[in-house]
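Work through the following exercises with the sequence and the coordinates at hand. Each task is followed by a solution that proceeds step by step.

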Amino acid sequence: MARITLRQLLDHAAENDYGLPAYNINNMEQGLAIMEAAHEVNAPVIIQASRGARNYANDIVLAKLIDALAELLQHDPQAAFARVRDAAQAGQVDAQLLLAQMHMEGKGTAQDASAALLWYETAANNGAPMAMNMLGRCHELGQGTVADPMLAAVWYRRAADTGLDTCAKHTLYE
């Protein structure tokens with residue numbers, strides 16, 4: 001998936017008489033879903049970030065995230081891992097969550113549930129509800145740690161308290 005300037009894209013759209021969707025992304029999952037859909041139908045899109053997202057993450061981190069998304073779609077998992085790791089180390093919470101998932105699944109790096117657990121903890125402690133949920137799962141199933149249903153319940157409860165729907169009916173914390 002090529003990255004081009006906005007001017008190039010708009011000029012091409014005008015010359016070929018088509019419209020372009022522009023999407024504000026607020027997290028890695030949204031960006032990946034948009035880029036995967038665009039890739040699937042071979043259609044250009046504009047990915048942008050709101051002023052709030054730019055203030056929160058800063059332009060450098062957002063650029064690294066978008067580069068990582070593009071590399072994931074170009075099937076260069078090692079390069080994507082490196083970019084996601086850089087963004088995670090810079091404090092971008094969505095990148096921390098994605099890095100944990102990449103460690104857990106062995107995408108772009110060796111599968112390492114212990115490393116995944118550490119990045120899930122980092123993202124959860126930075127307020128990521130899905131990371132809290134995944135920590136509950138890790139502690140429930142003993143992934144990267146010894147199984148601990150009580151600690152799993154704590155993390156599931158924290159995730160549910162944020163309003164994350166996937167935890168709302170989980171029986172461990174009741």
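## Overall architecture

Of the protein's 174 residues, 37% count as buried. The model is a predicted one, and the exercises below should be read with that in mind.

**Exercise 1.** Determine how many helices and strands the protein has, and establish in what order the elements run from the N terminus.

*Solution.* Counting the elements gives 9 helices and 2 strands. Reading from the N terminus on, the order is α-β-α-β-α-α-α-α-α-α-α. A further step concerns the contacts: among those in the protein with a separation of 6 or more, 47% are accounted for by residues 24 or more positions apart.

## The nonpolar core

**Exercise 2.** Identify which residues of the largest nonpolar core touch the most other members, and then work out which helices supply the core.

*Solution.* The largest nonpolar core holds 35 residues, and those touching the most other members are Met28, Leu65, Val84, Tyr120 and Ala131. At least two residues of this core come from each of α2 (28-40), α4 (59-73), α5 (77-89), α6, α7 (113-125), α8 and α9 (149-161). The helix that gives the most to this core is α6, with 8 residues.

Next, take Met28 and set aside its neighbours within four places in sequence: the residues in contact with Met28 are then Leu65, Ala68, Leu69, Val84, Asp94 and Leu98.

Finally, turn to Ala131, which lies in helix α8. Its relative accessibility is 0%, and because buried means under 20%, Ala131 counts as buried. With neighbours within four places in sequence again left aside, Ala131 is in contact with Leu97, Tyr120, Ala123 and Ala124. The C-alpha atoms of Ala131 and Ala100 are separated by 8.6 Å, although the two residues are 31 residues apart along the chain.

## The packing of α8 and α9

**Exercise 3.** Describe how α8 and α9 are oriented to each other, and list which residues of the two helices meet.

*Solution.* Begin with the geometry: α8 and α9 pack at an angle of about 165°, and their axes are 7 Å apart. Since angles over 145 degrees count as roughly antiparallel, α8 and α9 are roughly antiparallel to each other. The crossing in which α8 passes α9 is left-handed.

The residues that meet can then be listed by helix. From α8 come Pro129, Met132, Asn133, Leu135, Gly136, Arg137, His139 and Glu140, and they meet Pro149, Leu151, Ala152, Trp155, Tyr156, Arg158 and Ala159 of α9.

## Two histidines

**Exercise 4.** Decide whether His139 is buried or exposed, do likewise for His103, and name which residues each of them touches.

*Solution.* His139 lies in helix α8 (residues 129-141), and its relative accessibility of 4% makes it buried. Beyond its neighbours within four places in sequence, His139 is in contact with Leu117, Glu121, Thr145, Val146, Ala147, Asp148, Pro149, Leu151, Ala152 and Trp155.

His103 has its place in helix α6 (residues 93-105), and at 10% relative accessibility His103 counts as buried. When residues up to four places away in sequence are not counted, His103 touches Phe81, Thr109, Ala110, Gln111, Asp112, Ala115, Ala116 and Trp119.

## Salt bridges

**Exercise 5.** State how many salt bridges the structure holds, and examine how exposed the partners Arg7 and Asp11 are, before considering further pairs.

*Solution.* Side chains of opposite charge can pair when their charged atoms come close. The structure holds 4 salt bridges, one of which joins the side chains of Arg7 and Asp11 at 3.0 Å, N to O. Both residues lie in helix α1 (residues 6-15), where Arg7 and Asp11 are 4 residues apart, about one turn of the helix. Arg7 counts as exposed at 54% relative accessibility, whereas Asp11, at 33%, counts as partly exposed.

In another salt bridge, the side chains of Asp86 and Arg85 meet at 3.9 Å, N to O. Asp86 is partly exposed, with a relative accessible area of 31%, and Arg85 counts as partly exposed at 31% relative accessibility.

Lys107 forms a salt bridge with Glu105, and the closest N and O atoms of this pair are 3.3 Å apart. Lys107 is partly exposed, its relative accessible area being 44%, and Glu105 also counts as partly exposed, at 49% relative accessibility.

How values were computed
Residues are numbered from 1 along each chain as its sequence is written. This is a predicted model: local features need pLDDT of at least 70, side-chain atom pairs count only at pLDDT 80 or more; totals for chains, interfaces and linings use all residues. Side-chain values use heavy atoms; hydrogens and water are left out. Buried means under 20% relative accessible area, exposed over 50%, partly exposed in between (1.4 Å probe, protein chains only). Contact means heavy atoms within 4.5 Å. A nonpolar core is a set of buried Ala, Val, Leu, Ile, Met, Phe, Trp, Tyr and Cys residues joined through side-chain atoms within 4.5 Å. Axes are lines fitted to C-alpha atoms, for helices over the stretch in contact, and angles run from 0 to 180 degrees between N-to-C directions. Angles under 35 degrees count as roughly parallel, over 145 as roughly antiparallel, 65 to 115 as roughly perpendicular and the rest as oblique. A crossing is left-handed if the near helix is turned anticlockwise from the far one by less than a right angle, and right-handed if clockwise.
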